[in-house]
Amino acid sequence: MNAETGFDVTETTREGLPVLEVHGEVDVSTAPELRSKLLAVAQSGQKTAVVDLTNVTFVDSTALGVLVSALKRFRSNGGDLRLVVTQPHITKVLEITGLTDVFAIYTSSTEAAVGA
Amino acid sequence: MTTTGSPLAGRDDEPVAFVDRVELALPARPELLFLARMTAAAVASRADFGYDRIEDLRLALDELCLTLLGGTLDERRIRLQFRWNEDTIEVSATLEGGAVWESSAVTGPARDLGGGSGLDGTSGLDEADNGGLPTGEPTAPAASNDLSERILDALVDEHGFEQIAGTPTSWMRMRRSESP
């Protein structure tokens, strides 16, 4: 875990889908690690994955760029990248950047894994 | 809203009286940007801004720095100046030892990012092909991050960019209450 930002990513599985649980602040400093984890999941052959942002306290444009880049990759392989967002200020960033219309957004990782 | 009217310190026609000022200088390294955000949050708290506006300022300050740096973080230094009164916080960010680019690239109305999904290959979100991360080559701010511009446009009342004696400087002004 990053001591200053509390950033950490752990991978679990829900309903057979990989779920990346992200903690702390995702900024220009920590986004590369998230990108690496997403890339590893995509390269493992998984078509769809979930990124759980429930415990994320901050996202900036670099974090959003990483998520959009990953979304493109998953969708180009016929899958999807689903987000779990419960924090109002994270939702706000997604809204003002227009990304709530781009991502499938859920309120729990279980719902995201099921896709309902 | 983006404007071209700079509220930077030292202007003779400065219309706003500020009650206090804080400055922070730090190396323009990714792992230190959190210090700038912490300072922004502390200043906003000191100015008695509410929680939501503190979060807005933290994010806006982060984006202001990213925009100033044009996607490149290195060993240059960022000097931040926070000024505030009971209604407004102003922040200027100066890049010391930085590249020179055209200020018109940043000031002016927000660019159209396509208005849609951002996945059609024509929008500003194409930057996401590298995850929006620094590429190592200096670029003009306008090309570096349209997401930053969109976030700044939404969160702050005014922001802009200009050269002061050849030094790149970004600034923003945020009021206590969100603009309707």
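Reader: Which residue of chain B forms a salt bridge with Glu25(A), and how far apart are the closest N and O atoms?

Author: In this predicted model, the partner of Glu25(A) is Arg37(B), with 2.5 Å between the closest N and O atoms. The count of salt bridges between chain B and chain A is four, and eight residue pairs across this interface are in polar contact, both residues being at pLDDT 80 or more. On the side of chain B that touches chain A, helices H1 (33–46), H2 (51–69) and H4 (146–155) of chain B each supply at least two residues, and H2(B) gives the most, with eight.

Reader: How many square ångströms do chain B and chain A bury between them?

Author: The size of an interface is often expressed as the accessible area lost when the parts come together. Here chain B and chain A bury about 2500 Å², of which 65% lies on carbon and sulfur atoms, and the contact takes 34 residues from chain B and 31 from chain A.

Reader: In the sheet of chain A, which strands stand at the edges, and why is one side of each left without a neighbour?

Author: The sheet is open, with five strands in the order E1-E2-E3-E4-E5 and mixed pairing. Strands E1 (8–14) and E5 (104–106) of chain A stand at the edges, and because each has a single partner strand, one side of each is left without a neighbour in the sheet. From one strand to the next, the twist averages 25°. Strand E4 (residues 80–84) of chain A runs parallel to E5(A) and is joined to it by three bridges, and Arg82(A) stands opposite Ala104(A) in E5(A).

Conventions
Residues numbered from 1 in each chain as written. Chains lettered and ligands numbered in written order. Predicted model: local features only at pLDDT ≥ 70, side-chain atom pairs only at ≥ 80, totals over all residues. Heavy atoms only, no water. Pairing = 2+ DSSP bridges. Helix = DSSP H or I, 4+ residues; strand = E, 2+ residues; numbered from the N terminus. Axes fitted to C-alpha atoms, helices over the stretch in contact; angles between N-to-C directions. Contact = heavy atoms within 4.5 Å. Buried area = accessible area lost by both parts, 1.4 Å probe. Salt bridge = Lys/Arg side-chain N within 4 Å of Asp/Glu carboxyl O. Polar contact = N/O pair within 3.5 Å; in protein donor to acceptor, adjacent residues only side chain to side chain.
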